[in-house]
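Me: I am new to this structure and would like a close look at one part of it. Please choose a helix, describe it from end to end, and explain what it packs against.

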Amino acid sequence: LSRSRQEREIATDRLSHLIGLGSKTFGIHLIDSPLPVYKKDQLDLRVTSALAARPDLRSAGLAIAAAGKRVGLAKAEVLTFTAALNAKEVGNDFLTGPGFDISIPFLNQNQGNIALAKANLEKSARHYLVIRDRVILEVREAHHRLEQAQESLETWQKRIFPPLQENIMQTQKAFELGDTSFLLVLEATRKFADAEMKVATANADARRAFAELERSVGGRLDGLISK
């Protein structure tokens, strides 16, 4: 119990730092809400949502737009270029293929300026792809961790915990009738208490995994869970 209080204080300090309150203190009221039932067949939808919502990827897209603006590309051309990146893999001919045939509008055709502009644009594009691939990886990993956590929770809640609960009731009844020793009651009680702790831990793991998936997607999953 003491360890739980300390972990709560640590979590409160971290939350205060994340939301910009610094050293200010505030109270947290915990609400016992049910764990949302996660839909397991919409991984592609979550990846798509993350690519549209993640601020780090949007920032990388804005960097491409800025690089394109510096070389005089129109907004539509930048959008076409960014869209082409989403279907592009890093290779030797990085800025070749459909969507990359863009003329850089320099008034004087200075080869040095053209090379520098293309290099800056390619650097921004490569950074965008690195962030994009990392976002996809994080969503997939969070998705599979949540699946694993919920399967573990379901196993404890439906397969392991009920028999132990029934066992302690039967053992206590047998002791009251004089058919068993108190040591068996203590052993059944110990196993039941351990199972309660395992269920609570599995529930906490599932909630953390759900929160991590929301972070990796870049928003709440209220519209992506089953009611």
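Reply: A helix here is a DSSP run of H or I with at least four residues, a strand is a run of E with at least two, and both are numbered from the N terminus. With those terms, the chain, which is a predicted model, has six helices and two strands. Read from the N terminus, the order of the elements is α-β-α-α-α-α-α-β. The chain has 227 residues, and 28% of them count as buried. Among contacts between residues at least 6 apart in sequence, 71% join residues at least 24 apart.

The part to look at is helix α6. It covers residues 182–217, and Phe 192 lies in it. The length of α6 can be checked against its number of residues. The expected span is 1.5 Å times one less than the number of residues. For the 36 residues of α6 that gives 52 Å, and the end C-alpha atoms are 53 Å apart, so the two values agree. The same check on helix α1, residues 2–18, gives 24 Å expected for 17 residues and 25 Å between the end C-alpha atoms, which also agrees. After α6 comes Gly 218, with a positive phi near 95°. A glycine with positive phi also follows α1: Gly 20, at about 85°.

One neighbour of α6 is helix α2. Two packed helices are described by the angle between their axes and the distance between the axes. For α2 and α6, the axes come within 8 Å and cross at roughly 50°. An angle under 35 degrees would count as roughly parallel and one of 65 to 115 as roughly perpendicular. The angle here is in neither range, so α2 is oblique to α6. On the α2 side the contact is made by Arg 46, Ser 49, Ala 50 and Ala 53, and on the α6 side by Leu 213, Ser 216 and Val 217.

Ala 50 shows this contact at the level of one residue. It sits in α2, which runs over residues 43–53. Its relative accessibility is 0%, which is under the 20% cut-off, so Ala 50 counts as buried. Beyond residues up to four places away in sequence, Ala 50 touches Val 135, Val 139, Ser 216 and Val 217. Ala 50 and Ser 216 are 166 residues apart in sequence, yet their C-alpha atoms are 7.0 Å apart.

Residues of helix α5 are the next topic. Ala 149 is in α5 and is buried, because its relative accessibility is 12%. Its contacts, apart from neighbours within four places in sequence, are Asp 205, Ala 206 and Ala 209. From Ala 149 to Arg 208, 59 residues along the chain, the C-alpha distance is 9.1 Å. Gln 150 also belongs to α5. It is buried too, with a relative accessible area of 12%. Its contacts beyond four places in sequence are Leu 35, Pro 36, Tyr 38 and Ala 206.

Aromatic rings add another link. The structure holds two aromatic pairs. In one of them, Phe 161 and Phe 192 are tilted, 5.2 Å from centre to centre with 35° between the planes. Phe 161 is in α5 (residues 111–176) and Phe 192 in α6, so this pair ties together parts that are 31 residues apart in sequence. Phe 161 has a relative accessible area of 16% and is buried, and Phe 192 is buried at 15%. The other pair is Phe 175 with Phe 182: the centres are 5.4 Å apart and the planes are at 55°, so this pair is tilted as well. Here the rings belong to partly exposed residues, Phe 175 at 36% and Phe 182 at 46%.

Last come the nonpolar cores. The largest has 29 residues, and Leu 213 is one of those with the most contacts inside it, along with Ile 64, Phe 81, Leu 85, Tyr 128, Val 139 and Leu 146. The elements giving two or more residues to this core are α2, α3 (55–70), α4 (75–85), α5 and α6. Helix α5 supplies the largest share, eleven residues. A second, separate core has six residues, including Ile 168, Phe 192, Ala 195 and Val 199. Two residues met earlier thus return here: Leu 213, from the contact with α2, and Phe 192, from the tilted pair with Phe 161.

Methods. Residues are numbered from 1 along each chain as its sequence is written. This is a predicted model: local features need pLDDT of at least 70, side-chain atom pairs count only at pLDDT 80 or more; totals for chains, interfaces and linings use all residues. Side-chain values use heavy atoms; hydrogens and water are left out. Buried means under 20% relative accessible area, exposed over 50%, partly exposed in between (1.4 Å probe, protein chains only). Contact means heavy atoms within 4.5 Å. Rings of Phe, Tyr and Trp (its six-membered ring) pair if their centres lie within 6.5 Å; planes under 30 degrees apart count as stacked, over 60 as edge-to-face and the rest as tilted. A nonpolar core is a set of buried Ala, Val, Leu, Ile, Met, Phe, Trp, Tyr and Cys residues joined through side-chain atoms within 4.5 Å. Axes are lines fitted to C-alpha atoms, for helices over the stretch in contact, and angles run from 0 to 180 degrees between N-to-C directions. Angles under 35 degrees count as roughly parallel, over 145 as roughly antiparallel, 65 to 115 as roughly perpendicular and the rest as oblique.
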